[in-house]
Amino acid sequence: MFYKVSKADEYLFEGKRKRLVEQLRIKGIKNEKVLSAIEEIPRHLFFDNTTARPALLDHAYSDKALPIGAGQTISHPYTVAFQTEQLQITQGEKVLEIGTGCGYQTAVLLAMGSKVYSIERQKTLFDKTKLFLPQIGYSGAKLIYGDGYKGLPQFAPFDKIIVTAGAPYIPNDLLAQLKIGGVMLIPIGEGETQEMIWLKKTSATSFDKKVLGNFKFVPLLQNKAGVR
Ligand code: SAH
């Protein structure tokens, strides 16, 4: 792998990651590149340092959503693996991520060999992740503090778009910024759970659509938030 693993990544955590990968295989994840990304990325380093307790570290490689600060969570490893697998990323593709959070999904996308653009609306998280990802060897993503509903027209079109927060509807700006032939994964719903929607753009105005089951995300909120 091109990306180096952090020095702080101990042997213990390597074992835990291997077991997590086995669980993900059992749950149906098949893409070897996705699985090896999860096997190499030190998820235990992504938590909110200010509130993290040693107990949290015990759960770093369980299939759980955990706090990352600013009231947000890191997605379940299965959710990250599932969305990434469904994107069917090939080397060098331009991928837009909405909801950078702690940058775990961003690191997975980088490890898949994609050219990553990622938007986060919380300034505190954005600042932290921008510093943190290169520190652990995952540099090269273009991280933007902004409102994901608007996408990034200046860098469009994108081969793939992944939304990592639950949206009330599919934003038109994101549909417009997807390449023809491109795929978007977006969880839709404002209740406790969201339906994972898979969309393929077949022409400037038409899309194939599939519903891929229920997942649980924090909400996709409108507009940028300031420092918290
Ligand atoms: N991809 C992250 C998931 C973080 S949770 C991971 O790997 O852990 C979802 C993130 O989406 C939160 O950080 C939240 O602040 C952010 N978010 C919510 N609404 C947003 C919006 N409109 N634009 C950009 N980011 C948004």
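The paragraphs below go through the sheet, the helices packed on it, the nonpolar cores and the salt bridges of this predicted model.

The sheet offers a convenient starting point. Seven strands make up an open sheet, arranged in the order 5-4-3-6-7-8-9, with mixed pairing. Its edges are strand 5 (142-145) and strand 9, and because each of these has a single partner strand, one side of each is left without a neighbour in the sheet. From one strand to the next, the twist averages 15°.

At one end of that order, strands 7, 8 and 9 can be followed through two successive turns. Strand 7 and strand 8 are paired in the antiparallel sense over six bridges, and L185 is found opposite W198 of strand 8. These two strands form a hairpin with five residues between them, and in the turn G189 has a positive phi of about 145°. On the other side, strand 8 is joined by seven bridges to strand 9 (residues 207-215), again with the two strands running antiparallel. Here L199 stands opposite K209 of strand 9, while K201 stands opposite F207 of strand 9. Strand 8 and strand 9 likewise form a hairpin, with five residues between them. Strand 8 is mostly covered, in that six of its eight residues are buried.

Helices are placed against this sheet. Helix 4 packs on the sheet, where it touches strand 6, strand 7, strand 8 and strand 9, and its direction makes about 160° with that of strand 7. Helix 6, in turn, lies across strand 4 (115-120) and strand 5, running at about 165° to strand 5.

Helix 4 also meets helix 5. The axes of helix 4 and helix 5 come within 11 Å and cross at roughly 35°, and the crossing of this pair is right-handed. On the side of helix 4 the contact is made by V80, Q83, T84 and L87, and on the side of helix 5 by Y104, Q105, V108 and L109.

The nonpolar interior draws on many of these elements. The largest nonpolar core has 49 residues, and those with the most contacts inside it are I41, F46 and Y104. At least two residues of this core are supplied by each of helix 1 (11-26), helix 2 (32-40), strand 1 (66-69), helix 4 (77-87), helix 5 (104-111), helix 6 (123-135), strand 7 (178-188) and strand 8 (194-201). The largest share, six residues, comes from helix 5. Leaving aside residues up to four places away in sequence, I41 touches R17, F46, Y61, Y104, A107, V108, A111 and Y138. There is also a second, separate core of 21 residues, which includes Y149, F158, A167 and L178.

Charged side chains add another set of links. Side chains of opposite charge can pair when their charged atoms come close. Over the whole structure, a search finds eight salt bridges, and three of these are worth following in turn.

In one of them E93 pairs with K160, with the closest N and O atoms 2.8 Å apart. This pair links distant parts of the chain, since E93 is in the loop between helix 4 and strand 3 (94-98) and K160 is in strand 6 (residues 158-163), 67 residues apart. With buried defined as under 20% relative accessible area, E93 counts as buried because its relative accessibility is 15%, and K160 counts as buried at 6%.

Strand 6 also contributes D159, which forms a salt bridge with K179, the closest N and O atoms being 2.9 Å apart. As D159 lies in strand 6 and K179 in strand 7, the pair ties together parts that are 20 residues apart in sequence. The two partners fall in separate categories of accessibility: D159 counts as buried at 14% relative accessibility, whereas K179, at 33%, counts as partly exposed.

The remaining example is confined to helix 6, where the side chains of K123 and D127 meet in a salt bridge at 2.9 Å, N to O. Being four residues apart in that helix, K123 and D127 are separated by about one helical turn. K123 is partly exposed, its relative accessible area being 24%, and D127 counts as partly exposed at 34% relative accessibility.

Technical notes
Residues are numbered from 1 along each chain as its sequence is written. This is a predicted model: local features need pLDDT of at least 70, side-chain atom pairs count only at pLDDT 80 or more; totals for chains, interfaces and linings use all residues. Side-chain values use heavy atoms; hydrogens and water are left out. A nonpolar core is a set of buried Ala, Val, Leu, Ile, Met, Phe, Trp, Tyr and Cys residues joined through side-chain atoms within 4.5 Å. Buried means under 20% relative accessible area, exposed over 50%, partly exposed in between (1.4 Å probe, protein chains only). Contact means heavy atoms within 4.5 Å. Two strands pair if DSSP finds at least two bridges between them. A salt bridge is a side-chain nitrogen of Lys or Arg within 4 Å of a carboxyl oxygen of Asp or Glu. Axes are lines fitted to C-alpha atoms, for helices over the stretch in contact, and angles run from 0 to 180 degrees between N-to-C directions. A crossing is left-handed if the near helix is turned anticlockwise from the far one by less than a right angle, and right-handed if clockwise.
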